[in-house]
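Student: I am new to this structure and would like a close look at one part of it. Could you walk me through the salt bridges, and then show me what else lies around them?

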Amino acid sequence: MSAFVLPGDPVPIPQTPGKPLKLGPGLLHVPSGDGSDSPDTVIATKAGVLGSNKKRKELWVEGNAIRYVPAPQESVVGIITNRSGEGYRVDIAGAHTACLDSLSFEGASKRNKPNLKVFVFKVGSIVYARVSLAHKDMEPELECFDANTRKAEGFGELKGGFMFPRPIFLRLFDQSYFLLPTLGAKFQMEIVLGLNGRIWIKTAEPKATIAIARCIDAVDTLSYGQEEVEAFINTMDLP
(Lines give C-alpha, C1' and ligand atoms only; values in the text may rest on other atoms or scores of the structure.)
Protein backbone atom coordinates (compact mmCIF):
# COMPACT_ATOMS: atom_id res chain seq x y z
CA MET A 1 0.00 0.00 0.00
CA SER A 2 1.70 3.22 -1.17
CA ALA A 3 -1.07 5.74 -1.84
CA PHE A 4 -0.43 9.43 -1.18
CA VAL A 5 -2.89 11.02 1.26
CA LEU A 6 -3.65 14.56 2.41
CA PRO A 7 -5.07 15.74 5.77
CA GLY A 8 -8.75 14.83 5.96
CA ASP A 9 -8.60 12.09 3.32
CA PRO A 10 -10.44 8.87 4.24
CA VAL A 11 -8.13 5.87 4.45
CA PRO A 12 -9.17 2.39 3.25
CA ILE A 13 -8.97 -0.11 6.08
CA PRO A 14 -7.48 -3.54 5.28
CA GLN A 15 -9.23 -6.58 6.71
CA THR A 16 -7.41 -7.89 9.80
CA PRO A 17 -9.32 -10.93 11.10
CA GLY A 18 -8.33 -12.12 14.55
CA LYS A 19 -6.36 -9.05 15.54
CA PRO A 20 -7.27 -5.33 15.78
CA LEU A 21 -5.60 -2.92 13.39
CA LYS A 22 -3.02 -0.63 15.02
CA LEU A 23 -2.99 2.96 13.78
CA GLY A 24 0.37 4.72 13.69
CA PRO A 25 1.41 8.36 13.19
CA GLY A 26 -0.63 10.45 10.81
CA LEU A 27 -3.93 8.58 11.21
CA LEU A 28 -7.01 9.24 13.32
CA HIS A 29 -10.01 7.07 14.11
CA VAL A 30 -13.21 9.11 13.92
CA PRO A 31 -16.25 7.73 15.81
CA SER A 32 -19.46 7.63 13.81
CA GLY A 33 -22.03 10.39 14.30
CA ASP A 34 -24.68 8.07 15.74
CA GLY A 35 -22.55 7.35 18.80
CA SER A 36 -21.36 3.91 17.77
CA ASP A 37 -17.64 3.26 17.68
CA SER A 38 -17.16 2.19 14.06
CA PRO A 39 -13.72 0.75 13.25
CA ASP A 40 -14.13 1.61 9.57
CA THR A 41 -13.74 5.39 9.78
CA VAL A 42 -10.12 6.51 9.65
CA ILE A 43 -8.76 9.74 8.21
CA ALA A 44 -5.25 11.08 7.56
CA THR A 45 -4.05 13.95 9.74
CA LYS A 46 -0.97 14.82 7.69
CA ALA A 47 0.29 14.61 4.11
CA GLY A 48 2.44 11.65 3.17
CA VAL A 49 2.62 8.12 1.81
CA LEU A 50 0.35 5.52 3.36
CA GLY A 51 2.39 2.61 4.71
CA SER A 52 1.39 -0.72 6.20
CA ASN A 53 2.77 -3.86 7.80
CA LYS A 54 0.49 -6.82 7.11
CA LYS A 55 2.18 -9.19 9.57
CA ARG A 56 1.92 -6.79 12.51
CA LYS A 57 -1.34 -5.32 11.17
CA GLU A 58 -0.18 -1.72 11.38
CA LEU A 59 -1.06 1.31 9.27
CA TRP A 60 0.60 4.74 9.24
CA VAL A 61 1.43 7.82 7.17
CA GLU A 62 5.09 8.41 6.37
CA GLY A 63 6.02 11.99 5.49
CA ASN A 64 8.78 14.56 5.76
CA ALA A 65 7.19 16.86 8.32
CA ILE A 66 9.76 18.92 10.22
CA ARG A 67 7.55 19.59 13.25
CA TYR A 68 6.53 16.63 15.37
CA VAL A 69 2.90 16.30 16.47
CA PRO A 70 2.87 14.31 19.76
CA ALA A 71 0.63 11.28 20.12
CA PRO A 72 0.10 9.09 23.21
CA GLN A 73 2.36 6.05 23.66
CA GLU A 74 4.87 7.17 21.02
CA SER A 75 8.55 6.94 21.90
CA VAL A 76 10.62 10.09 21.36
CA VAL A 77 14.20 11.32 21.70
CA GLY A 78 14.26 14.65 23.52
CA ILE A 79 16.72 17.25 24.78
CA ILE A 80 16.53 18.66 28.32
CA THR A 81 16.22 22.44 27.98
CA ASN A 82 15.44 23.57 31.52
CA ARG A 83 14.74 22.44 35.09
CA SER A 84 11.21 23.45 36.03
CA GLY A 85 9.99 22.94 39.61
CA GLU A 86 9.69 19.21 40.21
CA GLY A 87 10.56 18.23 36.65
CA TYR A 88 12.18 19.17 33.36
CA ARG A 89 11.29 20.90 30.12
CA VAL A 90 12.12 18.74 27.12
CA ASP A 91 12.47 19.71 23.47
CA ILE A 92 10.82 16.98 21.39
CA ALA A 93 10.81 18.89 18.07
CA GLY A 94 7.15 19.85 18.48
CA ALA A 95 5.37 23.18 18.66
CA HIS A 96 5.76 23.19 22.47
CA THR A 97 8.24 21.72 24.92
CA ALA A 98 7.12 18.67 26.88
CA CYS A 99 7.06 18.14 30.65
CA LEU A 100 9.03 15.32 32.26
CA ASP A 101 8.11 15.02 35.93
CA SER A 102 10.69 13.82 38.48
CA LEU A 103 8.31 10.96 39.40
CA SER A 104 8.04 9.70 35.81
CA PHE A 105 10.76 7.07 36.23
CA GLU A 106 10.92 3.44 37.29
CA GLY A 107 10.66 3.14 41.07
CA ALA A 108 10.24 6.89 41.64
CA SER A 109 7.82 8.05 44.36
CA LYS A 110 7.45 11.02 46.66
CA ARG A 111 9.00 9.00 49.49
CA ASN A 112 12.23 7.99 47.74
CA LYS A 113 12.51 10.89 45.27
CA PRO A 114 15.33 12.70 47.17
CA ASN A 115 17.53 9.60 46.88
CA LEU A 116 17.09 9.15 43.14
CA LYS A 117 20.25 10.98 42.09
CA VAL A 118 20.41 8.95 38.89
CA PHE A 119 17.43 10.89 37.53
CA VAL A 120 19.08 14.31 37.87
CA PHE A 121 19.73 15.64 34.37
CA LYS A 122 21.79 18.55 33.11
CA VAL A 123 20.56 20.99 30.48
CA GLY A 124 21.49 19.50 27.11
CA SER A 125 21.11 15.88 28.22
CA ILE A 126 19.42 13.56 25.73
CA VAL A 127 16.58 11.37 26.99
CA TYR A 128 14.53 8.56 25.50
CA ALA A 129 10.95 8.82 26.73
CA ARG A 130 7.35 7.87 26.03
CA VAL A 131 4.55 10.36 25.44
CA SER A 132 2.00 9.75 28.20
CA LEU A 133 -0.30 12.71 27.46
CA ALA A 134 -0.88 14.58 24.22
CA HIS A 135 -3.73 17.02 23.71
CA LYS A 136 -4.04 20.06 21.46
CA ASP A 137 -4.94 22.30 24.42
CA MET A 138 -2.30 20.98 26.86
CA GLU A 139 1.46 20.61 26.87
CA PRO A 140 2.72 17.08 26.20
CA GLU A 141 3.82 14.96 29.15
CA LEU A 142 6.55 12.33 29.09
CA GLU A 143 7.40 9.22 31.12
CA CYS A 144 10.60 7.17 31.25
CA PHE A 145 9.08 3.74 31.84
CA ASP A 146 7.04 1.21 29.91
CA ALA A 147 3.29 1.63 30.35
CA ASN A 148 2.70 -2.12 30.76
CA THR A 149 5.62 -3.32 32.87
CA ARG A 150 6.32 -0.05 34.74
CA LYS A 151 10.01 -0.83 34.15
CA ALA A 152 12.55 1.43 32.44
CA GLU A 153 12.87 -0.94 29.43
CA GLY A 154 15.57 1.25 27.88
CA PHE A 155 13.93 4.60 28.60
CA GLY A 156 15.96 7.28 30.34
CA GLU A 157 19.11 9.27 29.67
CA LEU A 158 21.12 8.46 26.54
CA LYS A 159 24.76 9.03 27.50
CA GLY A 160 27.39 9.82 24.91
CA GLY A 161 26.63 8.96 21.31
CA PHE A 162 25.44 11.21 18.51
CA MET A 163 21.92 12.43 17.76
CA PHE A 164 20.77 13.74 14.40
CA PRO A 165 17.37 14.75 13.00
CA ARG A 166 15.76 12.62 10.35
CA PRO A 167 12.14 12.96 9.15
CA ILE A 168 10.11 10.08 10.55
CA PHE A 169 11.52 7.04 8.73
CA LEU A 170 9.00 4.43 9.83
CA ARG A 171 10.48 1.59 7.80
CA LEU A 172 13.29 1.47 10.36
CA PHE A 173 10.76 0.32 12.97
CA ASP A 174 9.94 -2.75 10.86
CA GLN A 175 12.03 -5.66 12.16
CA SER A 176 12.01 -7.29 8.70
CA TYR A 177 13.45 -4.20 6.98
CA PHE A 178 17.00 -4.80 5.78
CA LEU A 179 18.82 -1.65 6.92
CA LEU A 180 19.38 -2.12 10.67
CA PRO A 181 20.33 -5.84 10.40
CA THR A 182 22.78 -4.91 7.63
CA LEU A 183 24.36 -2.17 9.74
CA GLY A 184 24.35 -4.39 12.84
CA ALA A 185 26.31 -7.08 10.97
CA LYS A 186 29.02 -4.54 10.10
CA PHE A 187 29.18 -2.31 13.20
CA GLN A 188 28.97 -2.72 16.96
CA MET A 189 26.40 -0.07 17.77
CA GLU A 190 23.55 1.13 19.93
CA ILE A 191 20.73 2.91 18.12
CA VAL A 192 17.54 4.56 19.38
CA LEU A 193 14.76 5.65 17.03
CA GLY A 194 12.38 8.42 18.02
CA LEU A 195 9.03 8.87 16.32
CA ASN A 196 9.68 12.60 16.58
CA GLY A 197 12.23 12.36 13.77
CA ARG A 198 15.42 11.96 15.82
CA ILE A 199 17.93 9.11 15.78
CA TRP A 200 20.60 8.50 18.44
CA ILE A 201 23.65 6.37 17.62
CA LYS A 202 26.53 5.21 19.81
CA THR A 203 29.58 3.33 18.55
CA ALA A 204 33.18 2.85 19.67
CA GLU A 205 34.59 4.94 16.81
CA PRO A 206 33.41 8.31 15.42
CA LYS A 207 34.04 7.01 11.88
CA ALA A 208 31.55 4.21 12.43
CA THR A 209 28.94 6.66 13.75
CA ILE A 210 29.35 8.86 10.68
CA ALA A 211 29.16 5.84 8.38
CA ILE A 212 25.89 4.66 9.94
CA ALA A 213 24.37 8.14 9.66
CA ARG A 214 25.42 8.35 5.99
CA CYS A 215 23.89 4.95 5.24
CA ILE A 216 20.56 5.92 6.83
CA ASP A 217 20.59 9.17 4.85
CA ALA A 218 21.38 7.33 1.60
CA VAL A 219 18.53 4.86 2.05
CA ASP A 220 16.06 7.62 2.95
CA THR A 221 16.98 10.19 0.29
CA LEU A 222 18.50 8.07 -2.51
CA SER A 223 16.39 4.90 -2.02
CA TYR A 224 19.42 2.63 -1.70
CA GLY A 225 18.73 -1.11 -1.43
CA GLN A 226 20.65 -3.69 0.61
CA GLU A 227 23.30 -4.39 -2.05
CA GLU A 228 23.87 -0.67 -2.62
CA VAL A 229 24.26 -0.06 1.13
CA GLU A 230 26.79 -2.88 1.44
CA ALA A 231 28.74 -1.51 -1.54
CA PHE A 232 28.52 2.00 -0.06
CA ILE A 233 29.99 0.77 3.24
CA ASN A 234 32.86 -0.92 1.38
CA THR A 235 33.84 2.40 -0.21
CA MET A 236 34.32 4.05 3.20
CA ASP A 237 37.66 4.31 4.99
CA LEU A 238 36.75 2.28 8.06
CA PRO A 239 38.97 0.46 10.59
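Tutor: Here is a tour of the salt bridges, followed by a pocket and two residues with unusual backbone angles. Please keep in mind that this is a predicted model.

Let's start with the general idea. Side chains of opposite charge can pair when their charged atoms come close. In this model the count comes to eight salt bridges, and we can look at some of them one by one.

A good place to begin is the pair Glu143 and Arg130, whose closest N and O atoms are 2.3 Å apart. Glu143 sits in strand β11 and Arg130 in strand β10, so this salt bridge ties together parts that are 13 residues apart in sequence. How exposed is each partner? Arg130 has a relative accessible area of 5%, so it is buried. Glu143, at 19% relative accessibility, also counts as buried, because the cut-off for that word is under 20%.

Next, find Asp217 and Arg166. Their closest N and O atoms are 2.3 Å apart as well, and the two form a salt bridge. Asp217 belongs to helix α2, which covers residues 206-222, while Arg166 lies in the loop between β13 (162-165) and α1 (179-186), so the pair ties together parts that are 51 residues apart in sequence. Arg166 is buried, with a relative accessible area of 12%, whereas Asp217 is partly exposed at 32%. These two do not stand alone: Arg166, Asp217 and Asp220 are linked in a network of salt bridges.

Helix α2 takes part in another pair too. Here the side chains of Lys207 and Asp237 meet in a salt bridge, with 3.6 Å from N to O. Lys207 is in helix α2 and Asp237 in the segment after α3 (226-234), so you can see a link between distant parts of the chain, 30 residues apart. Lys207 is partly exposed, with 47% relative accessibility, and Asp237 is exposed, with a relative accessible area of 63%.

Now go back to β10 and β11, the strands that hold Arg130 and Glu143. Both strands also help to line a pocket. Rolling a probe the size of a water molecule over the atoms shows where empty space is left. The second largest pocket has a volume of about 250 Å³. Its lining is made of 13 residues, and Val69, Pro70, His96, His135 and Lys136 lie nearest its centre. β10 (126-135) and β11 (138-144) each supply at least two residues of this lining, and β11 gives the most, with three residues. Sorted by class, the lining of the second largest pocket has seven nonpolar, two polar and four charged residues.

Finally, let's turn to the backbone. Most residues other than glycine have a negative phi, and most peptide bonds are trans. Two residues are worth finding with that in mind. Arg150 is not a glycine, yet it has a positive phi of about 65°. You will find Arg150 in the loop between β11 and β12 (156-158). Ser223 is not a glycine either, and it has a positive phi of about 60°. Ser223 is in the loop between α2 and α3, and it is exposed, with a relative accessible area of 57%.

To trace the tour again, begin at Glu143 and Arg130, visit the network of Arg166, Asp217 and Asp220, and end at Ser223 in its loop between α2 and α3.

Methods: Residues numbered from 1 in each chain as written. Predicted model: local features only at pLDDT ≥ 70, side-chain atom pairs only at ≥ 80, totals over all residues. Heavy atoms only, no water. 1 Å grid on protein atoms, 1.4 Å probe; cavity = no way out; pocket = protein on both sides within 12 Å on 5 of 7 lines; lining within 4 Å. Points joined across faces, edges and corners; volume = space filled by probe spheres on them. Helix = DSSP H or I, 4+ residues; strand = E, 2+ residues; numbered from the N terminus. Nonpolar A, V, L, I, M, F, W, Y, C, P; charged D, E, K, R; others polar. Salt bridge = Lys/Arg side-chain N within 4 Å of Asp/Glu carboxyl O. Buried < 20%, exposed > 50% of the residue type's maximum accessible area, 1.4 Å probe, protein only.
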